[in-house]
Amino acid sequence: MQPTSDATLEPTQLFAEGEQIAVMTALPVKGALDYLAPPGGVSVGDYVSVPLGARSVIGVVWGQGLNTELDRDKLRPAFNRIDVPPMQDGFRKFLERAAGYTLTPINSMLGVTRLPEANESQPTRRTLHLSGTKPKVMTADRARVIKALEEADKRGLAPKSLARRANSSAAVINGLLKQGVLVAQTLPSTYRMAKLDTSPSLDRLTQAQRSVSRSLLRRVQQGTYRTVLLQGVPGAGKTEVYLEAVAAAVGAGRQVLVLLPEIALTTQFLDRVSERFGCRPLQWHSAISKAQKRRVWNLVGSGRAEFVVGARSALFLPFTNLGLIVVDEEHDRSFKQEQSVIYNARDMSVLRAAMSGSLAVLCSATPSLESWVNANSGKYERLELSTRYGSARAPVIDTIDMRSEKLSSNRWISDVLAGEIQNRLELGQQSLLFLNRRGFAPLTICRACGHQISCTECDVTLTEHRFRRELLCHQCGLRMNIPDECPKCSESGQLAQIGPGVERLAEEVGGLFPNARLEVLSSDLSGSSDKLRAKIKAIAAGQVDIIIGTQLVAKGHNFPLLSLAAVIDADMGLQGADIRAAEHCFQLIRQVAGRSGRLDIAGVALLQTWQPEHPVMQAIVSGDDENFWQTEATEREIAGIPPFGQYVGIIVSGPDVESVRDVAGTLARTSQPLEDIGAQLFGPAPAPIMRIRGRVRYRLLIKTERSMAVQSAISKWLGQHKFPGKVKLRVDVDPYSFL
């Protein structure tokens with residue numbers, strides 16, 4: 001992506017009642033629809049309620065009516081303007097640019113944002129004042145109410161505050177309102193988030209942190225677009241450094257957004273923010289309530305929200321004065337949205353920063369190769385923290401060669417690793433066992449007939465989740481009870497579980513260390529986000545001896561007593577044809593290893609591997625990260641693949657093989673618009689997982705040079721065709737998944 005700064009806003013255009021306006025909705029229609037402005041008129045960016053068929057839907061005034069040849073008598077008037085902060089021109093332009101880059105219909109892109117409800121309005125506050133009229137009968141309760149308002153002077157008091165100050169009841173206050181002794185006034189709410197302490201706090205940082213922090217502060221003070229890669233080893237204190245930039249941006253009157261890959265798990269992060277600023281920021285993620293979302297959205301859109309921490313969807317909040325966007329753990333794959341609208345929040349953050357004249361900070365111990373290459377080429381600025389905070393030292397990393405370990409078929413923990421865990425138990429320290437596979441076992445097979453129990457809707461086997469006593473499809477969520485006999489041959493006692501998941505690992509750990517306190521961190525076992533946060537707090541407090549987890553444990557947690565981090569199957573991430581397999585494997589293992597030895601306790605990381613000589617394993621053990629990135633970059637550049645080339649995936653799906661194959665074949669035969677710009681088209685071919693949720697999938701892949709703007713050619717190519725209604729096309733620009 002090649003963003004360019006575009007912070008200039010056009011004057012807001014006004015439309016009087018009855019003028020023709022274009023309204024963009026989030027419905028699957030093509031572009032904006034024409035209406036007549038409602039009573040009172042509207043401006044570009046206003047949210048309005050409009051009729052569509054027999055329904056009432058919410059849309060945004062996008063500009064002047066598009067079809068001036070329409071008979072005005074056939075145009076329907078919008079119902080009303082919704083009394084909420086309007087969408088700013090800069091945000092509207094960002095949505096248009098994002099839609100153009102990702103080849104997403106603008107209506108769908110608008111749907112990623114929060115749309116208000118038809119009866120929604122800006123938050124208001126109700127205050128009570130004295131009218132000057134005396135009550136008919138003065139009582140002690142009434143006297144206290146009047147005295148409390150007299151002491152409040154002209155400010156008035158909210159009903160609940162008045163009742164509390166006067167030690168009175170709502171009935172007494174309502175009686176005085178009816179008599180006219182009190183009058184109520186409704187005003188727009190002046191609520192702001194709690195005041196942040198933005199005074200500089202560099203003295204709490206190390207010398208290395210202060211140096212990097214001052215560089216960031218200078219970028220914030222410049223008030224112009226720039227992207228910075230903040231790279232530092234695990235435990236270097238990157239968060240404390242960028243929080244000083246947050247303080248500077250808020251202190252300068254600008255809004256700040258920090259994106260995290262797992263916002264529901266960030267108790268420790270929020271605690272650090274509270275310690276730095278004296279209060280918590282606003283939060284935006286799927287776990288907060290509808291009322292909380294409405295409140296945060298209004299505060300952001302009215303400019304009163306100074307600091308928001310959120311998941312990737314927070315990028316689509318209506319900020320009016322963004323000064324800083326931080327993408328923490330910018331390498332994390334969860335920033336790539338692959339359902340509904342497909343986008344990468346990291347790349348969209350850079351685009352939004354460019355268009356709003358903001359500073360973008362991409363933060364990671366193991367940056368994505370895209371960001372590393374951009375920093376090396378000078379497109380991004382790089383700031384580095386090469387040592388851990390305080391007296392903490394990087395863990396010693398080594399491999400365990402599983403070829404020399406003699407384990408039985410139901411064992412996954414080597415004798416060497418078991419001995420290291422026992423040592424930690426005797427020292428009162430914690431061990432972490434990492435296995436990136438949920439459930440008990442990924443495959444259940446019948447030893448009598450060879451049948452593999454598979455999903456009825458997807459071309460994948462069901463994973464046994466023994467703790468929940470069910471088989472589960474990790475693609476569509478289909479569940480079934482664990483059978484006693486083979487579904488195909490009906491033989492009982494012949495079903496065998498193949499391969500380990502974290503539940504199976506926990507069973508083994510319980511047998512080896514029966515007195516140890518265990519905790520399993522896996523998204524399917526933790527229940528609500530509150531329960532998961534409670535588990536993480538318990539681990540940090542030393543109430544757990546052995547942690548067994550999936551990639552959740554690699555998300556930046558700080559466990560002071562953790563001195564051993566072990567990867568059970570280090571080779572797992574190297575499997576498959578993913579072009580980023582080596583990169584993702586390296587990042588994940590380095591992040592897991594970085595959980596060990598965070599404070600004064602010496603840390604060790606052990607990798608159980610069948611390929612200790614593999615370049616990825618050697619790079620991790622040596623600690624030479626830069627050499628790994630350089631080698632990986634060289635290989636990708638020679639092959640002309642991302643980030644040196646560009647991929648665009650086309651996914652054709654439908655209920656039956658014939659229709660999907662026909663559409664995919666038609667696309668391949670009519671690809672002249674792609675050939676005209678020198679793009680290569682590969683496929684079509686059945687997707688590696690051909691059927692998901694009952695829909696058959698074929699894939700095509702477009703490969704071009706990185707500098708080529710391929711979107712217009714793809715639009716022309718796809719625009720030639722009309723396909724059967726049951727066949728769907730999805731476009732994935734810069735794909736991460738090739739399944």
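The points below concern a predicted model and take up helix packing, aromatic pairs, buried helices, one strand residue and some backbone details.

1. Helix 3 (residues 140–152) and helix 5 (residues 170–179) pack against each other at an angle of about 75°, their axes lying 10 Å apart. That angle makes helix 3 roughly perpendicular to helix 5, since the range from 65 to 115 degrees is the one that counts as such. On the side of helix 3 the contact is made by Asp141, Arg142 and Val145, which meet Val172, Ile173, Leu176 and Gln179 of helix 5. Sorted by character, the residues of this contact comprise four nonpolar, one polar and two charged.

2. The model holds nine aromatic pairs. In one of them, Phe94 and Phe316, the ring centres are 5.8 Å apart and the planes stand at 40°, so the pair is tilted. Because Phe94 belongs to helix 1 (residues 89–102) and Phe316 to the loop between strand 13 (307–310) and strand 14 (322–328), this pair ties together parts that are 222 residues apart in sequence. Phe94 is buried, with a relative accessible area of 1%, and Phe316 likewise counts as buried at 1% relative accessibility.

3. Phe316 also pairs with Tyr343, the ring centres being 5.1 Å apart and the planes at 75°, so that this pair is edge-to-face. Here again distant parts of the chain are linked, with Phe316 in the loop between strand 13 and strand 14 and Tyr343 in strand 16 (residues 343–344), 27 residues apart. Tyr343 is buried, its relative accessible area being 4%. Taken with Phe91, the residues Phe94, Phe316 and Tyr343 are joined by ring pairs into a cluster.

4. Which charged residue lies over the face of Phe94? Arg352 does, at 5.3 Å from the ring centre, so that Phe94 has a place both in the ring cluster and beneath an arginine, a placement that meets the limit of 6 Å for a charge over a ring. Elsewhere, Arg114 lies over the face of Trp297, at 5.0 Å from the ring centre.

5. Helix 11 (residues 369–376) deserves a look, because seven of its eight residues are buried and it is therefore largely enclosed by the rest of the structure. The buried residues are Leu369, Glu370, Ser371, Trp372, Val373, Asn374 and Ala375. Their cover includes strand 10 (226–232), strand 17 (359–364) and strand 18 (381–385), together with helix 10 (345–356), helix 15 (581–593) and helix 17 (625–639). After helix 11 comes Gly378, which has a positive phi, near 90°.

6. In helix 13 (residues 502–512) the buried residues are Val502, Glu503, Arg504, Leu505, Ala506, Glu508 and Val509. These buried residues pack against strands, namely strand 20 (430–434), strand 22 (463–465), strand 25 (495–498), strand 26 (518–521) and strand 27 (546–549).

7. Ser653, a residue of strand 30 (residues 645–654), counts as buried at 11% relative accessibility. Its C-alpha atom is separated by 5.4 Å from that of Val696, although the two residues are 43 places apart along the chain. Beyond the neighbours within four places in sequence, Ser653 is in contact with Val660, with Arg695, Val696 and Arg697, and with Lys726, Val727 and Lys728.

8. Most residues other than glycine have a negative phi, and most peptide bonds are trans; the remaining points of the backbone are best read against that background. The peptide bond from Pro642 to Pro643 is cis, with omega near 10°, and Pro643 lies in the loop between helix 17 and strand 30. A cis bond is also found from Gly683 to Pro684, with omega near 15°, and in this case the proline, Pro684, lies in strand 31 (residues 680–692).

9. Where does Ser490, which has a positive phi although it is not a glycine, lie? Ser490 is placed in the loop between strand 24 (479–481) and strand 25, has a phi of about 65°, and counts as partly exposed at 43% relative accessibility. Asp734, in the segment after strand 33 (728–733), is another residue other than glycine with a positive phi, near 60°. At 12% relative accessibility, Asp734 counts as buried.

Terms used: Residues are numbered from 1 along each chain as its sequence is written. This is a predicted model: local features need pLDDT of at least 70, side-chain atom pairs count only at pLDDT 80 or more; totals for chains, interfaces and linings use all residues. Side-chain values use heavy atoms; hydrogens and water are left out. Axes are lines fitted to C-alpha atoms, for helices over the stretch in contact, and angles run from 0 to 180 degrees between N-to-C directions. Helices (H or I, at least four residues) and strands (E, at least two) are DSSP runs, numbered from the N terminus. Angles under 35 degrees count as roughly parallel, over 145 as roughly antiparallel, 65 to 115 as roughly perpendicular and the rest as oblique. Contact means heavy atoms within 4.5 Å. Ala, Val, Leu, Ile, Met, Phe, Trp, Tyr, Cys and Pro count as nonpolar, Asp, Glu, Lys and Arg as charged, and the others, Gly among them, as polar. Rings of Phe, Tyr and Trp (its six-membered ring) pair if their centres lie within 6.5 Å; planes under 30 degrees apart count as stacked, over 60 as edge-to-face and the rest as tilted. Buried means under 20% relative accessible area, exposed over 50%, partly exposed in between (1.4 Å probe, protein chains only). A charge sits over a ring if NZ of Lys or CZ of Arg is within 6 Å of the ring centre and within 35 degrees of the ring normal.
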